[in-house]
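Biologist: Please take one part of this model and look at it closely, then place it within the rest of the chain. I would like the cut-offs stated along the way.

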Amino acid sequence: MENDKKIAVLIDADNVSDKYIKYILDEVSNHGIPTYKRIYGDWTKPQLNAWKIVLLNYSITPIQQYSYTTGKNATDSALIIDAMDILYSKNVDGFCIVSSDSDFTKLASRLREAGMYVIGMGERKTPTPFISACEKFKYLEVLAGSPTTSVQAISSPRIEKQDIPKNGMASIDELIKTIKIIITESSDEDGWAFLGEVGKRLNKRYPDFDTRNYGHTKLTPLISSLKQFEIQPRKTSNPHIIHYFVKNINKNKTQA
């Protein structure tokens, strides 16, 4: 089961605020069990002082890495070396790399090549290559419940290009186009596709796909809000379980 995965959580303190830590660990618990919990930085720097109480409260191990030269390459290298050591120990099933830095792109790719489940977390400024290298990517602002784009702006048909974060997240137009293609590919003879399968394929095509990015907690209300699809609930043998199916709306037929 996915929730039984043992996950190593590695945090780049230079690129993450301590205010996100609760949301980070809560999200990791949705995917598995956090085993290693390590955070990397130069703890002699005053700007990292805010982390000290947080580390005690959440039992996170700080890894000291002095800044021998200007920049943060030393911290990045320490995290990468630890990740590879943990990989070869064969004690985990996956990794959660928390950073908005593209320097971890190669690490994420290498871990996935080794069969690891890789979750990335970072702010919306995270470069697309790192997002794409992860199996799943979560935006910290969204996890904290403060997405930068409002639901009203997303739902509006007049969306300006600059409203879409330049971080790999699909625009509304692109999302609609992709959903239509997925439905066509996976539907039965009557054009109905299982909504769960649509969601699964969306996650594979966009590592950062999350209904919360678009102001919805579930896939069904998100797709319903797009006004491009018909949704049909179907009862199962279990009265407590309902399966949802989705179909592309035939505009010509609707207009007729």
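**A loop residue and its surroundings**

Modeller: R212 is found in the loop between α9 (195-205) and α10 (219-225), where helices (H or I, at least four residues) and strands (E, at least two) are DSSP runs, numbered from the N terminus. This is a predicted model, in which local features need pLDDT of at least 70 and side-chain atom pairs count only at pLDDT 80 or more, whereas totals for chains, interfaces and linings use all residues. Residues are numbered from 1 along each chain as its sequence is written, and side-chain values use heavy atoms, with hydrogens and water left out.

With a relative accessible area of 28%, R212 is partly exposed, that is, in between buried (under 20% relative accessible area) and exposed (over 50%), with a 1.4 Å probe and protein chains only. Not counting residues up to four places away in sequence, R212 touches E27, K138, V142, L143 and T217, a contact being heavy atoms within 4.5 Å. Another residue to set beside R212 is G145: the two are 67 residues apart in sequence, and their C-alpha atoms are 8.6 Å apart in space.

One of the residues touched by R212, K138, leads to the six-stranded sheet, since residues 136-139 form β6. The strands of this open sheet come in the order β3-β2-β1-β4-β5-β6, and the pairing is parallel; two strands pair if DSSP finds at least two bridges between them. At the edges are β3 (61-64) and β6 (136-139), each of which pairs on one side only. From one strand to the next the twist averages 20 degrees, where axes are lines fitted to C-alpha atoms, for helices over the stretch in contact, and angles run from 0 to 180 degrees between N-to-C directions. Helix α4 packs on this sheet, touching β4 and β5 (117-122), and the direction of α4 makes about 170 degrees with that of β4.

At the β3 edge, β2 (residues 33-41) and β3 pair in the parallel sense over four bridges, and the bridge partner of G41 in β3 is Q64. P34, also found in strand β2, is partly exposed at a relative accessible area of 27%. The C-alpha atoms of P34 and I7 are separated by 4.8 Å, although the two residues are 27 apart along the chain. I7 also appears among the contacts of P34, which, with neighbours within four places in sequence left aside, are I7, V9 and V28.

Further along, S100 is found in the loop between β4 and α4 (105-113). S100 counts as buried because its relative accessibility is 6%. The side chain of S100 reaches the backbone nitrogen of E123 at 2.9 Å. E123 is also one of the residues in contact with S100 beyond four places in sequence, the others being N15, G122, K125, T126 and P127.

A second open sheet has three strands in the order β7-β9-β8, with antiparallel pairing. Its edges are β7 and β8, each with a single partner strand, so one side of each is left without a neighbour in the sheet. Helix α8 (residues 172-186) packs on this sheet and touches β7, β8 and β9, its direction making about 105 degrees with that of β9. Strand β7 (residues 193-194) pairs with strand β9 (residues 242-248) in the antiparallel sense over two bridges, with V246 in β9 as the bridge partner of A193. On the other side, β8 (residues 229-235) and β9 pair in the antiparallel sense over seven bridges; P233 stands opposite Y244 in β9, and a hairpin joins β8 to β9 through six residues.

For the chain as a whole, there are eleven helices and nine strands, and 43% of the 256 residues count as buried. Among contacts between residues at least 6 apart in sequence, 60% join residues at least 24 apart.

As to confidence, the chain averages a pLDDT of 85, and 84% of the residues score at least 70; pLDDT is the predictor's confidence in each residue, from 0 to 100. Among the elements of the chain, strand β4 (residues 94-98) has the highest mean pLDDT, 97, and helix α7 (residues 151-155) the lowest, 35. Over residues 147-167 pLDDT stays under 50, and for this stretch the model has 25 contacts beyond four places in sequence. Where pLDDT is low, the predicted coordinates should not be read in detail.

Notes: A polar contact is a pair of N or O atoms within 3.5 Å; within protein, one must be able to donate a hydrogen and the other to accept it, and residues adjacent in sequence count only if both atoms are side-chain atoms.
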